[in-house]
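Please walk through the structure shown below, starting from one of its helices and moving outward to the parts around it.

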Amino acid sequence: RENLFDREQITTLKTITREQKQLYNKVLGNFNELANGVTQIAVDSGLLNREEAEVWKKDSFYLPFYRVLSEGESAGPRVGGGLVRQDAFKRLTGGKEKLDDLLGNALANWNHLLGASMKNIAAREALASAEELGLATKVKANEARGRGQKAVYVRENGQESWYLMED
């Protein structure tokens, strides 16, 4: 989906020496170890399911190409402000804007997954307590539609679990 490089530039970027390849493989191993640890936290929190995590681990190296929107502002992920309605990822669209710092993009992505995972754990615990107190009821997704702010979800095994909040 990359639109900033032509075929000749991509070919040049893919040409590396044996020493560069060895260093690359070492750094890639460390990078993937970190990425897999973050992904496992997302699974343990319920944000992702095991199947999604396996795809991420199988594809291994993932480097998000977030774009620079304006000076000091990136199109990278943001952890939602509340505890509920956290998502792990959004659909990629590509673009022509300048790429933001690639390592910074990876760190922003991990930060998003870690933050959303922690918020998902907190929200699941809060909703379990609210349910015990009769302040929340677990419902099917179609029962939550049209309920506005009274309808919230957390993720369990990567799937939305909806609750209706009482007044």
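In this predicted model, the residues of helix H2 that are buried are Leu28, Phe31, Asn32, Ala35, Val38, Thr39, Ala42, Val43 and Ser45. Helix H2 itself is made of 28 residues and spans 40 Å from its first C-alpha to its last, which is close to the 40 Å expected at 1.5 Å a residue. Just after the end of H2, Gly46 adopts a positive phi of about 95°.

Several of the buried residues of H2 reappear when the nonpolar cores are traced. The largest nonpolar core has twelve residues in all, namely Phe31, Ala35, Val38, Ala42, Val43, Leu47, Leu48, Ala53, Ala106, Trp110, Leu113 and Ala116. Two elements, H2 and H4, give two or more residues each to this core, and H2 gives the most, with five residues. There is also a second, separate core of seven residues, and among its members are Leu127, Ala136, Val152 and Val154.

Helix H4, which covers residues 102–132, is the other main contributor to follow. H4 contains 31 residues and reaches 45 Å from its first C-alpha to its last, close to the 45 Å expected at 1.5 Å a residue. Its buried residues are Asn105, Ala106, Asn109, Trp110, His112, Leu113, Ala116, Ser117, Asn120, Ala123, Leu127 and Ala130. Of these, Leu127 is named in the second core, whereas Ala106, Trp110, Leu113 and Ala116 belong to the largest one. Just after H4, Gly134 takes a positive phi, here of about 80°.

What links H2 and H4 at the level of individual side chains? A search of the whole structure finds two aromatic pairs, and one of them is formed by Phe31 and Trp110, a tilted pair with 5.0 Å centre to centre and 45° between the planes. Because Phe31 lies in H2 (residues 18–45) and Trp110 in H4, this pair ties together parts that are 79 residues apart in sequence. Both partners satisfy the burial criterion, which is a relative accessible area under 20%: Phe31 counts as buried at 14% relative accessibility, and Trp110 does so at 12%.

A polar residue of H4 can be examined in the same way. Is Asn109, whose place is in helix H4, buried or exposed? With a relative accessibility of 8%, Asn109 counts as buried, since the cut-off for that class is under 20%. The C-alpha atoms of Asn109 and Val38 are separated by 9.8 Å, although these two residues are 71 residues apart along the chain.

From H4 the path leads on to the sheet. Helix H4 lies across E3, E4 and E5 and runs at about 120° to E4. Those three strands form an open sheet, with antiparallel pairing, in the order E3-E5-E4. Strand E3 (136–139) and strand E4 (151–156) are the edge strands, each of them pairing on one side only, and the twist from one strand to the next averages 35°.

The details of the pairing can be read strand by strand. E3 and strand E5 (residues 159–165) pair in the antiparallel sense over four bridges; within E5, Tyr163 stands opposite Lys138 and Trp162 stands opposite Val139. E4 is joined to E5 by six bridges, and these strands likewise run antiparallel. Here Tyr153 stands opposite Trp162 in E5, so that Trp162 has Tyr153 and Val139 as its opposite residues, in keeping with the definition that strands are paired through bridges. The hairpin of E4 and E5 has two residues between the strands, and in this hairpin Asn157 takes a positive phi near 55°.

Finally, these parts can be placed within the whole chain. The secondary structure of the protein comes to five helices and five strands, which follow the pattern α-α-α-β-β-α-β-α-β-β when read along the sequence. Of the 167 residues in the protein, 29% are buried. Among contacts between residues at least 6 apart in sequence, 75% join residues at least 24 apart, and the pairing of Phe31 with Trp110 described above spans 79 residues of sequence.

Key. Residues are numbered from 1 along each chain as its sequence is written. This is a predicted model: local features need pLDDT of at least 70, side-chain atom pairs count only at pLDDT 80 or more; totals for chains, interfaces and linings use all residues. Side-chain values use heavy atoms; hydrogens and water are left out. Axes are lines fitted to C-alpha atoms, for helices over the stretch in contact, and angles run from 0 to 180 degrees between N-to-C directions. Contact means heavy atoms within 4.5 Å. The expected span of a helix is 1.5 Å times one less than its number of residues. Buried means under 20% relative accessible area, exposed over 50%, partly exposed in between (1.4 Å probe, protein chains only). Rings of Phe, Tyr and Trp (its six-membered ring) pair if their centres lie within 6.5 Å; planes under 30 degrees apart count as stacked, over 60 as edge-to-face and the rest as tilted. A nonpolar core is a set of buried Ala, Val, Leu, Ile, Met, Phe, Trp, Tyr and Cys residues joined through side-chain atoms within 4.5 Å.
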